[in-house]
Amino acid sequence: MAKPFVKWAGGKAKLAPRIVAEAPASFSRYHEPFLGAGAVFFALEEARPGLQACLSDANQELIAAFRAVRDNLDGLVAALADISGRYLALDDEGRRRFYLDVRARPLLDPVAAAARFIFLNKTGYNGLYRVNASGGFNVPHGRYVNPRVLDREGLLAASKALAHADLQVLDFAAACERAEPGDFVYLDPPYHPLSATASFTAYTSGDFGPADQERLRDAFDDLTRRGVSALLSNSDHPAIHELYAGRAYDIQAVQMSRAINSKGSGRAPISELLISNARAIHDSRFTIHDSQTAP
Ligand SMILES: C[S@@+](CC[C@H](N)C(=O)[O-])C[C@H]1O[C@@H](n2cnc3c(N)ncnc32)[C@H](O)[C@@H]1O
């Protein structure tokens with residue numbers, strides 16, 4: 001079974017079976033505009049082999065790595081075997097220096113760049129992706145005794161699952177515009193933070209703030225108007241309830257445990273929202289019953 005080949009903050013491995021179960025019985029193409037590590041895509045592809053998928057994310061390095069897994073598996077495996085062998089042969093201090101050296105040197109060759117991206121993900125702190133203002137990766141070295149940098153079988157399974165997928169670097173709004181009536185879209189944005197300190201939105205050099213949450217809600221409304229089935233996850237926060245209120249959307253609370261959180265207490269299950277437009281798209285007169293939020 002194909003699974004994510006990188007760790008990713010907000011990864012949806014646990015929620016994936018629920019999304020698969022809630023997907024429409026039949027649809028034309030699948031769109032995932034906030035791909036991340038692709039947990040939902042891999043689960044859906046397993047349930048529906050041959051799925052026509054349009055996958056995208058704003059993170060250019062992430063999409064480049066997906067493309068290398070799809071198109072250059074042998075080269076990628078060889079590059080990972082090399083980097084992993086050299087790293088694992090070192091002692092603790094040697095590994096730390098090696099990591100910092102790789103981190104400091106972005107590569108232009110796409111296969112080497114993808115190997116670097118996967119290596120940093122597997123050996124960096126908590127599998128985080130964080131960049132500074134100029135886009136340089138700045139996650140510190142992790143503390144793994146024997147990190148599995150190269151998983152040949154996992155990469156092979158992922159490569160097969162991705163064989164027919166379209167992979168693009170896109171803002172979610174442009175990705176949603178590509179969806180047509182009869183398609184299905186799953187949206188998993190960086191979540192609205194539950195508290196000011198819980199904010200973790202630095203997947204790319206740009207932040208995902210309240211204006212982006214509003215743009216996303218507008219894109220979701222637009223999909224609904226155009227008759228495109230969509231599901232969206234977000235945090236169970238009053239601001240999100242308010243954003244999606246006044247429409248015939250089904251908003252369910254689901255209990256989720258978080259995969260990546262530096263604080264132990266943050267690993268306790270928390271409530272998240274799953275918002276569906278299934279009922280609204282069957283009402284051909286979809287309207288927004290709130291003059292405050294109407295576009
Ligand atoms: C919560 S993660 C998705 C996790 C994914 N579902 C998984 O299982 O791994 C959110 C993703 O949104 C991406 N992102 C942030 N801003 C974006 C934007 N404006 N348009 C598209 N993607 C964006 C981030 O790079 C990140 O990969």
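Strand β1 (residues 29-32), helix α2 (residues 39-47) and strand β2 form a β-α-β unit of right-handed sense. The model in which this unit appears is predicted. Within the unit, β1 and β2 pair in the parallel sense, over four bridges. One of the matched positions is Glu32, whose bridge partner in β2 is Leu55. On to β3, β2 again runs parallel, and four bridges join the two strands. Leu55 appears here too, standing opposite Leu167 in β3. Leu55 therefore has a partner residue in β1 as well as one in β3. Strand β2 (residues 52-57) is largely enclosed by the rest of the structure, because five of its six residues are buried.

These strands belong to an open sheet of seven strands in the order β3-β2-β1-β4-β5-β7-β6, with mixed pairing. At the edges stand β3 (166-169) and β6 (250-256); each has a single partner strand, so one side of each is left without a neighbour in the sheet. On average, neighbouring strands of this sheet are turned by 20 degrees against each other, direction ignored. As a general point, strands of a sheet pair through backbone hydrogen bonds, either parallel or antiparallel.

Further along the sheet order, strand β4 (residues 184-187) is joined to β5 by four bridges, and the two run parallel. Val185 of this pairing stands opposite Ala230 in β5. Val185 is also among the residues touched by Val228, which lies in the loop between α9 (210-225) and β5 (229-235). Val228 counts as buried because 23 other C-beta atoms lie within 10 Å. Beyond residues up to four places away in sequence, Val228 touches Ala179, Glu180, Pro181, Asp183, Val185 and Leu223. Of these contacts, Asp183 is 45 residues from Val228 in sequence, yet their C-alpha atoms are 5.7 Å apart in space.

Next come the helices, with α6 as the example. Helix α6 has 14 residues and reaches 20 Å from its first C-alpha to its last, close to the 20 Å expected at 1.5 Å a residue. Eleven of these 14 residues are buried, so α6 is largely enclosed by the rest of the structure. The buried set includes Val111, Ala114, Ala115, Phe117, Ile118, Phe119 and Leu120, and also Arg116, Asn121, Lys122 and Thr123. Among the elements that cover these buried residues are α3 (60-71), α4 (73-88) and α5 (92-104).

The loop between α6 (110-123) and α7 (152-161) contains Asn126. Asn126 is not a glycine, but has a positive phi of about 60 degrees. In general, most residues other than glycine have a negative phi. Asn126 counts as partly exposed because 14 C-beta neighbours lie inside 10 Å.

Taken as a whole, the protein has eleven helices and seven strands. Of its 295 residues, 37% count as buried. Among contacts with a separation of 6 or more, 73% are between residues 24 or more positions apart.

Confidence is the remaining topic. The average pLDDT of the protein is 90, and 89% of the residues score at least 70. Over residues 199-205, however, the pLDDT is below 50, although this stretch has 17 contacts in the model beyond near neighbours in sequence. Where pLDDT is low, the predicted coordinates should not be read in detail.

Technical notes: Residues numbered from 1 in each chain as written. Predicted model: local features only at pLDDT ≥ 70, side-chain atom pairs only at ≥ 80, totals over all residues. Buried ≥ 20, exposed ≤ 12 C-beta atoms within 10 Å, placed from the backbone. Contact = placed C-beta atoms within 7 Å. pLDDT = per-residue confidence, 0-100. Pairing = 2+ DSSP bridges. Axes fitted to C-alpha atoms, helices over the stretch in contact; angles between N-to-C directions. Expected span 1.5 Å × (residues − 1). Right-handed = clockwise from strand over helix to strand, strands pointing away.
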